[in-house]
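Work through the exercises below with the sequence and the model at hand. Each task is followed by a solution in steps.

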Amino acid sequence: MSRCVRGASPGSRPALLLLAVLHCARLVACGGGSLGAALVCARAPGLTERQRAMCRQSPAAIAAIGDGLRMAYAECRAQLAGRRWNCSGVGDGHHFGHVMPLANPEAAFTYAITSAGVTHALSAACARGDLPACSCTTNRRRGSSVSEQWEWGGCAVGAFGARMARRFLDARELERDARALMNLHNNRVGRKVVKELVRRECKCHGVSGSCAVRTCWRALAPFPAAAGALRSRYLRAKHVAPHPPRPPRPARASASTAQRNQPHHTHLVLVRRQKSNPGVVRVPRKSDLVYLEPSPSYCERDDAAGSLGTHARLCNRTSRGDDGCESLCCGRGYSTVRRVLESKCRCRFHWCCRVSCDTCVARTETHVCN
Ligand SMILES: *[C@@H]1O[C@H](CO)[C@@H](O)[C@H](O)[C@H]1NC(C)=O
Ligand SMILES: *[C@@H]1O[C@H](CO)[C@@H](O)[C@H](O)[C@H]1NC(C)=O
C-alpha cells in the first residue's frame, strides 16, 4: 500500500508514475477503491485509445504488462552492459514504453525485448491464475507410447501471453508505414522467442518412484534466456527496405490523392541480395530482427540519434571485446584512475573488552574513456 499514489508527486516522471499506477491496478482495493481501473487507465500517459480500452477491461493484465516492461528494461541493460549502446535511457522517458528516434538495430532490439518481457509477464500471470481472462483448461492427454503416459496439466501459457501482448503492444502501431511494419515484425520476434523457450516439465507419481503416472505442464524459461536469444539476433539483425519501394513524390497534386489512398508498403524485404540470385527479392525470416537504417557509432553525443556518447564511460583495459577501452572509447584513449582504499581488517578480540584491527590497503585501478 505504501507504493500507492493518487497523483503525480512534484518532479516525478510520468513513466515511473505509470509503473506505480500499474502497481496499484493490481491491488484493486488500492486507495479504498477511489483509484479505480478507469481512473488509472485515463491517467496513464502515452497510451493509445485502444490501449486505454484494454486497460479498463483488464486491470490485472495491465499490472502484468507493467511488470513485463520493468523486467524488459532491466534485462536490456544487463544484456548490453559494457557496450557503446547500453540501453540507458530506454524506458525512462516521458511516455509509456520507449521512444526510439531511429529505425535502427537498437530500436529493433528494444521493441523485441519489450514484447518478449510483456509476453513473459502475461504468461507468468496466467500460469499463476492472476488473470481472470486467461483460461487454464486442464486438458488431459495421453502420450502415444506406454512409457510416455502422462497427464497434461496447466495452461498453454506462452500462447495466451503472446496473444495478449500482441493485442496491447501492436495497438501502438497506428501508421501504415515502413517503420510500423518494422516494429510489428520485431514485436513478433519477441513473442516468438518466449513461446519457443516454453518447455515441458514433468513430475513422476507412483509407487516408490515408479513413474506410473507423470504430470506434465508447460513452463516458461527464465526471462534472461529469452533476452539472451534476442541479444544474439540483435547482433546479426537484418537490413530491410519496404517493398514495393515508396514511389517518388508526385509532381502534381491530383496524382497525390490517388496515391495516398493506397497502402504504400505491403511488406519488408532484405536489402542485401544473394550474389547468386541478384534479381530475387527475399523476405526476412520470422526469427530475424529487422531494421531500416544503420546504427550511428554511438561514440559522441547526438540526441537526435538517441546516442549518449561514451565519454567518461568505464572500460576494461584488458578486454578485446565491446567493453574494452579500444572499442568503447572509439580510439580517443582513456585515463586511469588509481585509488587507495584503507579499511580495517584482521580484527582480534581481546578479553575483555577490546578489539584491535590492522589497516589494510587496497589499490584499485579503473579506466575511463576520454
Ligand atoms: C551506459 O551508458 C551511459 C552513457 O554512455 C553511461 O552514462 C552509463 O553509466 C552506462 N551504464 C552502465 C551500466 O555502464
Ligand atoms: C576485463 O576483461 C578481461 C578479459 O576479457 C576479463 O577477464 C576481466 O574479468 C574483465 N575485468 C572486469 C573488471 O570486468
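**Exercise 1.** State how strand 9 and strand 11 pair, and over how many bridges.

Solution. In this predicted model, strand 9 pairs with strand 11, residues 354-369, in the antiparallel sense. The pairing runs over 2 bridges. Taking L314 next, its bridge partner in strand 11 is V368.

**Exercise 2.** Place these strands in their sheet and identify the strands at the edges.

Solution. The sheet is open and has 3 strands in the order 9-11-10, with antiparallel pairing. Strand 9 (314-315) and strand 10 (334-350) each have a single partner strand, so they stand at the edges and one side of each is left without a neighbour in the sheet.

**Exercise 3.** Describe the largest nonpolar core and find which elements supply it.

Solution. Begin with the size: this core has 60 residues. The residues with the most contacts inside it are I65, A108, A112, A116, L122 and L230. Next, assign the elements. Those that each supply at least two residues of the core include helix 3 (49-57), helix 4 (59-80), helix 5 (105-128) and strand 6 (290-291). Helix 6 (157-169), helix 7 (178-196) and helix 8 (223-235) also each supply at least two. Helix 5 gives the most, with 13 residues. Then take L122 as a case: leaving out residues up to four places away in sequence, L122 touches A61, A64, I65, G68, G161, M164 and A165. Finally, another core, of 5 residues, lies apart from the largest one; C315, L328, C329 and C369 are among its members.

**Exercise 4.** List the residues around ligand 1 and sort them by character.

Solution. The shell consists of A81, N86, S88, L308, T310 and R313. Sorting gives 2 nonpolar, 3 polar and 1 charged.

**Exercise 5.** Summarise the chain as a whole, and note where the confidence is below 50.

Solution. First, count the elements: the chain has 10 helices and 11 strands. Second, consider burial: of the 370 residues, 32% are buried. Third, consider contact range: among contacts between residues at least 6 apart in sequence, 67% join residues at least 24 apart. Fourth, check the confidence: the pLDDT averages 78, and 75% of the residues score at least 70. Over residues 23-35 the pLDDT is below 50, and this stretch has 22 contacts in the model beyond near neighbours in sequence. Residues 142-153 are also below 50, with 22 contacts beyond near neighbours in sequence.

Technical notes:
Residues numbered from 1 in each chain as written. Chains lettered and ligands numbered in written order. Predicted model: local features only at pLDDT ≥ 70, side-chain atom pairs only at ≥ 80, totals over all residues. Helix = DSSP H or I, 4+ residues; strand = E, 2+ residues; numbered from the N terminus. Buried ≥ 20, exposed ≤ 12 C-beta atoms within 10 Å, placed from the backbone. Contact = placed C-beta atoms within 7 Å. pLDDT = per-residue confidence, 0-100. Near = placed C-beta within 6 Å. Nonpolar A, V, L, I, M, F, W, Y, C, P; charged D, E, K, R; others polar. Pairing = 2+ DSSP bridges. Core = buried A, V, L, I, M, F, W, Y, C linked by C-beta atoms within 7 Å.
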